[in-house]
Amino acid sequence: MSSTAMSSKQYLAAAHRAGLSRAMVQTFAQIGYQPQPKQLKFHALCGRMDGNEVGYGGARGGGKTAATFAQAIVFALRYPGIKILFLRKIGVAGKNSLDDLRKRFLGRVRHKYNQTSGLIVLSNGSRIENGYFSKPGDIDRYQGIEYGLIII
């Protein structure tokens, strides 16, 4: 255990203080994810979402991608059939990142994965789609498509 890692007891106490629901903590346990303190704040905001945007920024290596993908899984499991767009600035990096996260977090969750498109389909019909943009006009390819959650 690194000096920054929390014990299970510390983590559960911190998750409770942050306001994470029992269901969210259970989903994180199911996928083998233990958020760090800044990630806990992000997840607590997402747990209280009412259709608004939630922003999560910071330096590289701060765990933003892992946190947002873990949150996508929470939504995908909670809302069967939801369509989620995981949008990255660079297509190949996004697809590789999504595949790494899929292997890390979905090992115990039934799903199908299309390596070519980067599409993940959970057994409940929820979809996590890989998307990318390199210039503002690239966003037009997603116009008119309904997503329940978009991660940029």
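## A five-stranded sheet and its helices

In this predicted model, Leu85 stands opposite Ile150, a residue of β5. That pair is a handy place to start, as β1 and β5 run parallel to each other and are joined over 3 bridges. They belong to an open sheet of 5 strands with mixed pairing, ordered β2-β3-β4-β1-β5. Helix α4 packs on this sheet, and the helices α2 and α3 each pack with α4. Here is a quick tour, topic by topic.

**The sheet as a whole**

- Reading across the open sheet, the order is β2-β3-β4-β1-β5.
- The edges are formed by β2 (111–114) and β5 (149–151), each of which pairs on one side only.
- From one strand to the next, the twist averages 15°.
- Helix α4 (residues 64–78) packs on the sheet and touches β1 (83–88), β3, β4 and β5.
- The direction of α4 makes about 165° with that of β1.

**Parallel pairings**

- β1 pairs with β4 in the parallel sense, over 6 bridges.
- Within that pairing, Ile84 has Ile128 of β4 as its bridge partner.
- On β5, the parallel partner is β1, with 3 bridges between the two strands.

**Antiparallel pairings**

- Strand β3 (residues 119–122) pairs with strand β4 (residues 127–132) in the antiparallel sense, over 2 bridges.
- Ile128 in β4 is the bridge partner of Ile120, so to speak a meeting point, since Ile128 also serves as the bridge partner of Ile84.
- β2 and β3 are antiparallel as well, paired over 4 bridges.
- Here Asn114 has Leu119 in β3 as its bridge partner.
- The same two strands, β2 and β3, make a hairpin with 4 residues between them.
- In the turn of that hairpin, Gly118 has a positive phi of about 80°.

**Helix α3 against α4**

- Helix α3 (residues 37–47) packs with α4 at an angle of about 30°, and their axes are 10 Å apart.
- Angles under 35 degrees count as roughly parallel, and α3 and α4 are therefore roughly parallel to each other.
- The crossing of α3 past α4 is right-handed.
- On the α3 side the contact is made by Gln39, Phe42, His43 and Cys46, which meet Ala67, Thr68, Ala70, Gln71 and Phe75 in α4.
- Sorted by class, this contact has 5 nonpolar and 4 polar residues, with no charged ones.

**Helix α2 against α4**

- Helix α2 (residues 22–31) packs with α4 at an angle of about 110°, with the axes 10 Å apart.
- The range for roughly perpendicular is 65 to 115 degrees, and α2 and α4 are therefore roughly perpendicular to each other.
- α2 passes α4 in a right-handed crossing.
- Met24, Thr27, Phe28, Gln30 and Ile31 in α2 meet Ala70, Gln71, Ile73, Val74, Leu77 and Arg78 in α4.
- By class, this contact has 7 nonpolar, 3 polar and 1 charged residues.
- Ala70 and Gln71 in α4 meet residues of α2, and they also meet residues of α3.

**Salt bridges**

- The whole structure holds 5 salt bridges.
- One salt bridge joins the side chains of Asp99 and Arg102, at 2.9 Å from N to O.
- Asp99 and Arg102 both sit in helix α5 (residues 91–105), 3 residues apart, which is about one turn of the helix.

Notes
Residues numbered from 1 in each chain as written. Predicted model: local features only at pLDDT ≥ 70, side-chain atom pairs only at ≥ 80, totals over all residues. Heavy atoms only, no water. Pairing = 2+ DSSP bridges. Axes fitted to C-alpha atoms, helices over the stretch in contact; angles between N-to-C directions. Contact = heavy atoms within 4.5 Å. Parallel < 35°, antiparallel > 145°, perpendicular 65-115°, else oblique. Left-handed = near helix turned anticlockwise from the far one by under 90°. Nonpolar A, V, L, I, M, F, W, Y, C, P; charged D, E, K, R; others polar. Salt bridge = Lys/Arg side-chain N within 4 Å of Asp/Glu carboxyl O.
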